[in-house]
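Here is a short report on one chain. The sequence and the model come first, then the reading of them.

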Amino acid sequence: LLPEDSAAGRGGLLAAAGRLLSEVPTARLVFARDASAAEVVRGVLEAGNG
């Protein structure tokens, strides 16, 4: 699924993705089956921008 034909190119793309992910804060979202899911997403996004 990667747009690069060579092994070296794919390795470079994966390394770049790894660097990006190490610099960007992540959060695990677990959703309830009701409207409260929107509140959870909003809270996480606001906490990241504060």
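## Two valines and their setting

Val41 counts as partly exposed, because its relative accessibility is 27%, and partly exposed covers the span between under 20% and over 50%. This is a predicted model. Val41 sits in helix α2. Its C-alpha lies 9.9 Å from the C-alpha of Ala27, with the two residues 14 apart in sequence.

Val44 also belongs to helix α2, which runs over residues 36–48. Val44 has 35% relative accessibility, so Val44 too counts as partly exposed.

The two valines side by side:

| Residue | Relative accessibility | Class |
|---|---|---|
| Val41 | 27% | partly exposed |
| Val44 | 35% | partly exposed |

Which residues make the nonpolar surface patch of about 190 Å²? Leu29, Val40 and Val44 make it. Patch members need over 30% relative accessible area. Val44, at 35%, is therefore above that cut-off. Val41, at 27%, is not, so Val41 cannot join a patch.

Now the chain as a whole. How many helices and strands does the chain have? There are 2 helices and 0 strands. The chain has 50 residues, and 4% of them count as buried. The exposed area of the chain is about 4500 Å². Carbon and sulfur atoms supply 60% of that area.

Definitions and conventions
Residues are numbered from 1 along each chain as its sequence is written. This is a predicted model: local features need pLDDT of at least 70, side-chain atom pairs count only at pLDDT 80 or more; totals for chains, interfaces and linings use all residues. Side-chain values use heavy atoms; hydrogens and water are left out. Helices (H or I, at least four residues) and strands (E, at least two) are DSSP runs, numbered from the N terminus. Buried means under 20% relative accessible area, exposed over 50%, partly exposed in between (1.4 Å probe, protein chains only). Accessible areas come from the Shrake-Rupley method with a 1.4 Å probe; for residues, only the protein chains shown count as cover. Patches are made of residues with over 30% relative accessible area and no salt bridge: like charges are joined within 9 Å, nonpolar side chains (Val, Leu, Ile, Met, Phe, Trp, Tyr) within 5 Å. A salt bridge is a side-chain nitrogen of Lys or Arg within 4 Å of a carboxyl oxygen of Asp or Glu.
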